[in-house]
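Here is a short briefing to read alongside the model. Please keep the structure open as you go through the points.

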There are 2 protein chains.
Amino acid sequence: MTDDIGISIADVDPHLLRTFVAVAETGSFSAAAQRLRYTQSAVSQQIAALEADLGTALLTRRPVALTTAGERLHRHANLILVRLEAARADVTRAIAPPGRLILGLTPLAWSEPVSAALARIRGDSARLRSHVLVDGRDRIVTAAATGEIDLALVDGFTAPNDPLRLPEPGAQVAVGVAGSPAVVAVPDRHPLARRAALDLNDLADAYWIDAPMVAPFSRLPVDGLRAGLRYEGADVTVLTGLVAAGHGLIVLPAPLVERRPGLTGVPIAAPRLVHRVELLRTPNDEEPAGRLAALLGAQPLQ
Amino acid sequence: MTDDIGISIADVDPHLLRTFVAVAETGSFSAAAQRLRYTQSAVSQQIAALEADLGTALLTRRPVALTTAGERLHRHANLILVRLEAARADVTRAIAPPGRLILGLTPLAWSEPVSAALARIRGDSARLRSHVLVDGRDRIVTAAATGEIDLALVDGFTAPNDPLRLPEPGAQVAVGVAGSPAVVAVPDRHPLARRAALDLNDLADAYWIDAPMVAPFSRLPVDGLRAGLRYEGADVTVLTGLVAAGHGLIVLPAPLVERRPGLTGVPIAAPRLVHRVELLRTPNDEEPAGRLAALLGAQPLQ
DNA sequence: TGCATTTACGAGACACGTAATCATT
DNA sequence: AATGATTACGTGTCTCGTAAATGCA
């Protein structure tokens, strides 16, 4: 196979991309320089080089803002940088499988089986250094891609049988590990608590709690819900407490609601909705992450 | 926002990645050098640099083959390079929206509505330079990511309501535009033609035609089908001809089979299976690609 | 006038090619 | 021996920092 033709455009320099992202995020050449530990001058030159390479202005100066082309590049840039990191992390793990297990999960991905599996693993290899990180979905997905965490569990609400629609940041594969009905959580004495089922579309005018880190309704397949309260935390106990206190409604997995006194879960008639938990895995399952994945019921890949 | 801490690992040099991919694919330093128009020496140095950077051997020499770490890197490398190209293409299109429309599709993604929409577009802007490219799924998806084509239609078989599971190569979003029942295509006089419905799992021992470019059954949610014939083409007419002539069975969309004399489509009882066509779009819909997308019934993004 | 970006310039690092060397079949 | 990867070395390019210049509020 001696094809000698493979004329390729020059690569976009990731170094420049990183600088570009820094400028875009800080909104300032000097601030970006500070963050990257460069001089202002270097940043200016790098942006100029990138603009020359791409043949267009990426930023306006004074004030610094993204142009249309800049916005497009920015969308790609972060993904590229994450991938680059992910590649390095993946190779690194091939050399020295870490003697640690860092499990990352979104708040609602936690469940008894997860707890049990983790306990089992830690029982097996007693001196395993293990961490658990709870954060919002995007953070967890990115961390899984870059190898910052070894295994990720993310949750979300979808139509039955639908996989979660995840942002695609790494070369991971999502495998479903758990599913349960979705319900609207309401206080026990709330008028809706006696209803047999609800149509979310009829509840657009109800007061909802938007909890971006836990159960953002921007990702529900329903339009126009209005948030009466925005909850910035990642703690589910506080969140259910808010619901029980009557601050608003929220969609949650049924088993969780059942376990909270003061809360009633009302089934959702439409749209058809389930709560799903998916495991994010790289094609190579390092131990002990692979064993945990197996305990959670994920099949070996391929 | 003047956070000055952002210590970051050095990026993996895409230049080196490209060389690495060339070596991995050609299985030879010299062949890679030829393809990239470098000297052997340069390639050798680049691989050495990459291995030093990552701290591990990526390739064995004599014979040249990927190590474990090398395999991992290889999986990432192509995706990264595609993304890099995609970023450049996307920015380029922001500057000068192309006065052309290149539509890429997998063979079974073609349908009357697609044809009609394309005719409509071409009627609107008479002198529109338009191309149509038909190829296998991976090629089409990659081409859409790199901007080689402006709009892509890809098809596949999934469970009802499931989206297609596409390899994730660019920053595209898939939107379903068509669906139809999946059937097993058999010759009219075939014994199975009289059956009301079939369970694919019972047909593992039948003779199948595997057509990787058209309807690869490796992507069907059924295990262990055996191919009696492998069809390497992308032409559907030849393929249905082979089926009609009794060379084997294949799963196809019902409407297609109905239109072919000599073929009978037998409904599939299990697993539940539909044929879907999805439109791949970048977040920015350049004209005229955006108009075609709209004609095909895709909603504006976001 | 003052703060922020750009330009000019020189020093160091880097990556290529040439060519000699080494290794494997 | 011959094919093919590596090493040594020189040259040109590139990118950084310093410092001076420019430009917008």
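Around DNA strand D there are 17 residues, and Gln46(A), Ser30(B), Gln40(B), Ser44(B) and Arg61(B) come nearest; a residue is near a strand if one of its heavy atoms lies within 4 Å of it. Of the atoms of DNA strand D that come within 4 Å of the protein, 52% belong to sugar and phosphate. This is a predicted model, in which local features need pLDDT of at least 70 and side-chain atom pairs count only at pLDDT 80 or more, while totals for chains, interfaces and linings use all residues. Residues are numbered from 1 along each chain as its sequence is written, chains are lettered from A and ligands numbered from 1 in the order in which they are written, and side-chain values use heavy atoms, leaving out hydrogens and water.

**Polar contacts with DNA strand D**

- Gln40(B) has a side-chain N or O atom 2.6 Å from a base nitrogen of DNA strand D, a polar contact being a pair of N or O atoms within 3.5 Å.
- The phosphate oxygens of DNA strand D also have partners: a polar side-chain atom lies 2.3 Å from one in the case of Arg61(B), and 2.9 Å from one in the case of Thr39(A).

**The surface near DNA strand D**

- Two or more residues each come from helix H3 (40-54) of chain A and from helices H2 (29-36) and H3 (40-54) of chain B; helices are DSSP runs (H or I, at least four residues), numbered from the N terminus.
- By class, this surface has eleven polar, three nonpolar and three charged residues, where Ala, Val, Leu, Ile, Met, Phe, Trp, Tyr, Cys and Pro count as nonpolar, Asp, Glu, Lys and Arg as charged, and the others, Gly among them, as polar.

**Helix packing in chain A**

- Helix H1 (residues 14-26) and helix H4 (residues 68-95) of chain A pack at about 120°, with axes 9 Å apart; axes are lines fitted to C-alpha atoms over the stretch in contact, and angles run from 0 to 180 degrees between N-to-C directions.
- H1(A) is therefore oblique to H4(A), the term for angles that are not under 35 degrees, over 145 or from 65 to 115.
- Among the residues in contact (heavy atoms within 4.5 Å) are Leu17(A) and Phe20(A) of H1(A) and Leu73(A) and Leu81(A) of H4(A).
- Ten nonpolar, three polar and three charged residues make up the contact of H1(A) with H4(A).

**Helix packing in chain B**

- The axes of helix H4 (residues 68-95) and helix H6 (residues 137-146) of chain B come within 7 Å and cross at roughly 45°, so H4(B) and H6(B) are oblique to each other.
- H4(B) contributes Val82(B), Glu85(B), Ala86(B) and Ala89(B) to the contact, and H6(B) contributes Thr142(B), Ala145(B) and Thr146(B).

Conventions
Polar contact = N/O pair within 3.5 Å; in protein donor to acceptor, adjacent residues only side chain to side chain.
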